[in-house]
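These are my notebook entries on a single protein chain. I set down what I looked up, in the order in which I looked.

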Amino acid sequence: MVDDADRRLLRQLQAAPDASVSLLAERAGMTQSTYIRRLERLRKTGIVKTIREEVDWRALGYAVEVSLRITLDKTEPRAFDEFIASAREVPEVISIGTFLGRVDARLLVIARNMADYQRIYRDKILTLPHMTDIEALMQVATIKDSQSVPL
């Protein structure tokens, strides 16, 4: 169970994940040893996942982001597994999600420019198995992109 001290720790960790342990502990109102012990417990219970570095693909020259909504042939028993296995092999697909409802999967695809996207779409996306429908939504702007949760 998460108590008030854990919530303080989590708020500080979300606000400044790259801050030093001593600063985060101070801001959370606890000693470093208490902070470390509580953080380790939160990691073991799966509440805190591994902290990792994130690469900004835009800074590497990728300017186009397209969300593809995919409908799969549900009469094929292995459609989901085969589609996902193939989609994982496309380097420009940076996110894959599955859904209940009319849309079965969403792929987030990045490309350097529109010509690059057209090549990826034609040569890599349209060759994925078991698709019956595909809808492309081009990202214009990111309004909110947060992994923080209200605590």
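Which residues does L108 touch, not counting residues up to four places away in sequence? I found E65, V66, S67, E92, V93, I94 and S95. I note at the outset that the model is predicted.

**Entry 1: L108 and strand β3**

I located L108 in strand β3. I then looked up its relative accessibility, which is 15%, so L108 counts as buried, the cut-off being under 20%. I also checked a pair distant along the chain: L108 and L68 are 40 residues apart in sequence, yet their C-alpha atoms are 6.4 Å apart in space. Three residues on the contact list of L108, namely E65, S67 and E92, I followed up in turn.

**Entry 2: S67 and E65 in strand β1**

I placed S67 in strand β1. S67 is buried, with a relative accessible area of 15%. Setting aside neighbours within four places in sequence, I listed R106, L107, L108, E135, A136 and L137 as its contacts.

E65 is in strand β1 as well. Is E65 buried or exposed? I read a relative accessible area of 10%, so E65 is buried. Beyond four places in sequence, E65 touches W57, R58, L108, V109, L137, M138 and Q139. With one of these, R58, I found a side-chain to side-chain polar contact of 3.2 Å. I also recorded the C-alpha separation of E65 and Y121, which is 12 Å for residues 56 apart along the chain.

**Entry 3: E92, an acidic residue in a loop**

I found E92 in the loop between α4 and β2. Its relative accessible area is 11%, so I entered E92 as buried. Which side chain makes a polar contact with that of E92? I identified K124, at 3.0 Å. The contacts of E92, not counting residues up to four places away in sequence, are L108, V109, I110, R119, I120 and K124.

**Entry 4: Helix α4**

I next examined helix α4, residues 79–88, where A79, F83, I84 and A87 are buried. Why do they line one face of the helix? Seen down the axis of α4, the buried residues fall within an arc of 115°, so they lie along one face. The general rule is that an α-helix has 3.6 residues a turn, so residues three or four places apart point the same way. I then asked what covers these buried residues, and the cover includes β1 (64–72), β2 (93–98), β3 (105–111) and β4 (131–138).

**Entry 5: H130**

I checked the backbone of H130, which lies in the loop between α5 (114–125) and β4. H130 has a positive phi of about 70° although it is not a glycine. For reference, most residues other than glycine have a negative phi.

**Entry 6: Helix α1**

I turned to helix α1, residues 4–15. Its 12 residues reach 16 Å from first C-alpha to last, close to the 16 Å expected at 1.5 Å a residue. At the start of α1, I found a side-chain oxygen of D3 within 3.2 Å of the backbone nitrogen of A5.

Which residues of α1 are buried? I listed A5, D6, L9, L10, Q12 and L13. They cover an arc of only 165° around the axis, which puts them on the same side of α1. On the other side, D4 and A15 are exposed. The cover over the buried residues of α1 includes α2 (21–28) and α3 (32–44).

**Entry 7: Packing of α1, α2 and α3**

How do α1 and α3 cross? I read an angle of roughly 85°, with the axes coming within 11 Å. The two helices are therefore roughly perpendicular to each other, the range for that label being 65 to 115 degrees. In this contact, A5, D6, L9, L10 and L13 in α1 meet Y35, R38, L39, R41 and L42 in α3.

For α2 and α3 I recorded a packing angle of about 95°, with the axes 9 Å apart. These two helices are therefore roughly perpendicular to each other. The contact is made by V21, S22, L24 and A25 of α2 and by Q32, Y35 and I36 of α3. I noted that Y35 appears both in the contact of α3 with α1 and in that with α2.

Methods:
Residues are numbered from 1 along each chain as its sequence is written. This is a predicted model: local features need pLDDT of at least 70, side-chain atom pairs count only at pLDDT 80 or more; totals for chains, interfaces and linings use all residues. Side-chain values use heavy atoms; hydrogens and water are left out. Helices (H or I, at least four residues) and strands (E, at least two) are DSSP runs, numbered from the N terminus. The expected span of a helix is 1.5 Å times one less than its number of residues. Buried means under 20% relative accessible area, exposed over 50%, partly exposed in between (1.4 Å probe, protein chains only). The arc is that of the directions from the helix axis to the C-beta atoms. Contact means heavy atoms within 4.5 Å. A polar contact is a pair of N or O atoms within 3.5 Å; within protein, one must be able to donate a hydrogen and the other to accept it, and residues adjacent in sequence count only if both atoms are side-chain atoms. Axes are lines fitted to C-alpha atoms, for helices over the stretch in contact, and angles run from 0 to 180 degrees between N-to-C directions. Angles under 35 degrees count as roughly parallel, over 145 as roughly antiparallel, 65 to 115 as roughly perpendicular and the rest as oblique.
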